[in-house]
Every structure is written in C-alpha cells, then in structure tokens.
Amino acid sequence: MRESLLTYTAKLLSENLPFLLLRKSGGAEVKIIHQESKKLYKKAHDTMSSAFFSKFLSSDNQFYIYGEVIKRFDWNFKPFKSEIATVKLSKDVRLAHEMLVSDAVSTIQNTNLEKVVLSLKHPIQAKKTPLEILGNLLDKYSQANCYFFYHPAVGSWMGATPETLLSYNSGLLKTMSLAGTKSAENDHEKPWGMKEQNEQLLVTEYIAKALQKVADSPPTIGPVKTVQAGSLLHLKTTLEVPLSYDKINQAIKELHPTPAICGLPRTAAQDYIITHENYDRSFYTGYLGIQNPQDQTADYFVNLRCMELKNNYVDLYAGGGITGMSVPQDEVDEIENKLSTMASIV
C-alpha cells in the first residue's frame, strides 16, 4: 500500500488538485481528503467533511479543502535509515537569536510577561523529492501526527507534529498540554529541569482555564508523562471535558494560540512575537486537521515540526519556550536540534 499512496499523491500533485494527507499518531491508516477542482475556500462546508489549514495569526488566514473525494490507505512501515543532518546556524543568525532570547528573558523578569515562544525559519537544500520526503516522514515519525498539505493557491507544507490542539468524538473534547524539550539520545536518563517542569505547568493551567470558559464542568486532567517525537522528548498532560459540537469553534478561539506556541499572558506574548521575531511564521504554529459535521467529529493539530516545500529547497521552522530561567545559548542549541531532526528526512 506504500506505492498506492505515493502514486495517488503524485497524481494529485500532477493535476494540481488541493489535498490534505493525514496520518494520526500511532496508526497506520493514511487519509487523503481532496477536491476535484482548484477552487480556494475560506470557510468550512456545512455538511461535507472539510480539511483546514490555518496560519499562526488565524484572522482570515484559514483555508479549507472540501472532501469531495476521501481515500484511505494503510502505510507499511520500513525502517528509517537516518542520515546525518546536523543543522548549524550561521554565526550571525545564532548571535541574533541569542540576543533575542536575552531580551525576552529581561522582559520577563521586569514585566508581567511570564513566557514567550521564539522561533526562526531556516532554509536548506532538498536532496529528496517531495514524495521521498513524505515516505521518510511517515516512516520516521510513527508516533507523530504526519501531514502533507497542498493547494496551488497556497503552497506545499509537510510536518510531523506531536501536539493535538483538540480532538472531538462522542460529545467529548480532548486536548493536551505539551511543553519542555530534551534529547532522547543524549538526555534520556537526565531528570527534567525546573525550567521545563514550570513551563509545562503554565501550559496545563492555561488550557484548563480556557476550557472552563466554554464547558459546563471543569476538565479532567491526567498525569504528566514523558513522550517521544522522533529524537526529542517532551512533557505531556492530557485534558478532557464534555462539550457540545457547536462550541468547538469557541473552544478553538480560547485555546489558540496556546502557551506552548505563543506564551503567557497570551496577548502580551503575541505582541512580543509580532514586534521582535522579525519574520512571518505563516502556517508554522497554526493548526490543521479534518472536521466532519455529519458524524460530529473533529481533529485539530498544532503545526509543529514542519516545513514549506519550495522548488529545490525547503524552509524549516523551529522554536522554543522562553522563561525567566532560560539560557540563550541553550535555547539556540535546542532549535538546532529540532531543525536537525527534520533535516534528516530531506
């Protein structure tokens, strides 16, 4: 079924038909939802399944693909042969980001800002075709939510995100708090530091309060666990609450952007990002997924560990949460690790 999926995807690309390919974490089923026309939609269909792709600043920056055709494939995994792809930022880029982090730490220590997520975009030459990258992505990130989005009017994006913004089924909304990062290879036995534990707690508290604004009861909060995404480890807490389907959009507005991709307080962090990052995040740290009004089901994923595919190169995106305890050099090292993880499939 590998070749069937890749052949079908190649056909859609050759015909310039909009599609979203999605495989959920831990599963083998790959779903492709696509249109039979190139039309660009800015709102979901009332009765038909729709895929969606939203930018970080989501106001009027959401694009939808109507599920005129839905295909399902089983992905037969092959061992991923990891290539050495160590991304090293240039001296100037590294210094600029260290200075940005230093400024953020100073701001956090002297204002009401508690946390801000700072990121950057890094272009690298693509040695693989889009279909080869897709195959590597699906093989390497079996425990991540993998996607390939294409629209001739929007572009080509691919990613493997460990973070669910929300899922909805049988009247129950589920979401997660995901924060903190360390290497699965070098730091597996090393205990989580106070900086990462505090960062994760801030995210969990924010999400719980956000859900209480739209639900009739407080959410059930699970224990903190360590989860792996590729060669990186994160702290994760699950939260769930009963909710009516017609309140999903309201819940999204309360949740997005979460502290894991923006910061706290949200407005202050978002203003800091817009003022200081000096580049357009575009769809990085936005969200994507599929919603079905007939079955009243939905899956929304935060667009992390992603790339935009260009003619002969890709733009990789990565970032990290900054608190008053952050060390600038460590933060840049973390970004290089994240970029290297994605570069290995390109």
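1. Start with E336, which is buried, with a relative accessible area of 5%. Keep in mind that this is a predicted model, so treat E336 as a computed placement. The side chain of E336 meets that of K88 in a salt bridge, at 3.7 Å from N to O. E336 sits in helix α7 (residues 328-343), while K88 sits in the loop between β5 (69-74) and α2 (91-110), so this pair ties together parts that are 248 residues apart in sequence. The partner is a contrast: K88 is exposed, with a relative accessible area of 59%.

2. Which other side chain meets E336 in a salt bridge? That would be R94, at 3.3 Å from N to O. This is another link between distant parts of the chain, with E336 in helix α7 and R94 in helix α2, 242 residues apart.

3. Now follow R94 along its own helix. R94 forms a salt bridge with E98, and the closest N and O atoms are 3.2 Å apart. The two residues are 4 apart in helix α2, which means about one helical turn separates R94 from E98. It helps to recall that an α-helix has 3.6 residues a turn, so residues three or four places apart point the same way. Are R94 and E98 buried or exposed? Both are buried.

4. Put these pairs together and you get a network: K88, R94, E98, D333 and E336 are linked by salt bridges. Across the structure there are 12 salt bridges. As a reminder of the basic idea, side chains of opposite charge can pair when their charged atoms come close.

5. Helix α3 is worth a look next. It covers residues 130-140 and is mostly covered, with 8 of its 11 residues buried. The buried ones are I133, L134, G135, N136, L137, L138, D139 and K140. What do the buried residues of α3 pack against? They pack against α1 (2-14), β1 (19-23), β7 (145-151), β8 (155-161), β17 (306-309) and α7.

6. On to the aromatic rings, where the count comes to 18 aromatic pairs. One of them is F19 with F148, an edge-to-face pair with 5.2 Å from centre to centre and 80° between the planes. F19 belongs to strand β1 and F148 to strand β7, so the pair ties together parts that are 129 residues apart in sequence. Both rings are tucked away: F19 counts as buried at 0% relative accessibility, and F148 counts as buried at 1%.

7. Compare that with Y287 and Y300, whose aromatic pair is tilted: 5.9 Å centre to centre, 50° between the planes. Y287 lies in strand β15 (residues 287-292) and Y300 in strand β16 (residues 297-302), 13 residues apart. Here too the rings are buried, with Y287 at 4% relative accessibility and Y300 at 3%.

8. Some rings gather in a group as well. F53, F63, Y147, F149, W157, Y279, F283, Y284 and Y317 form one aromatic cluster. Try picking out these nine names in the viewer, starting with W157.

9. Then there is the empty space. Rolling a probe the size of a water molecule over the atoms shows where empty space is left. How many cavities of 30 Å³ or more does the structure hold? It holds 1, and the largest cavity has a volume of about 230 Å³. The lining has 22 residues, and the closest to the centre of the cavity are T181, A260, L304, G319 and K338.

10. Who supplies that cavity lining? β6 (115-125), β10 (172-183), α4 (194-212), β18 (313-322) and α7 each give at least two residues. β10 gives the most, with 4 residues. By class, the lining has 7 nonpolar, 7 polar and 8 charged residues.

11. Last, the second largest pocket, with about 390 Å³ of space. Of the 19 residues that line this pocket, the closest to its centre are K24, K31, I290, T297 and D299. The elements giving two or more residues to this lining are β1, β2 (29-34), β5, β9 (164-169), β15 and β16. By class, the pocket lining divides into 6 nonpolar, 6 polar and 7 charged residues.

Technical notes: Residues numbered from 1 in each chain as written. Predicted model: local features only at pLDDT ≥ 70, side-chain atom pairs only at ≥ 80, totals over all residues. Heavy atoms only, no water. Salt bridge = Lys/Arg side-chain N within 4 Å of Asp/Glu carboxyl O. Buried < 20%, exposed > 50% of the residue type's maximum accessible area, 1.4 Å probe, protein only. Contact = heavy atoms within 4.5 Å. 1 Å grid on protein atoms, 1.4 Å probe; cavity = no way out; pocket = protein on both sides within 12 Å on 5 of 7 lines; lining within 4 Å. Points joined across faces, edges and corners; volume = space filled by probe spheres on them. Nonpolar A, V, L, I, M, F, W, Y, C, P; charged D, E, K, R; others polar. Phe/Tyr/Trp six-rings, centres within 6.5 Å; stacked < 30°, edge-to-face > 60°.
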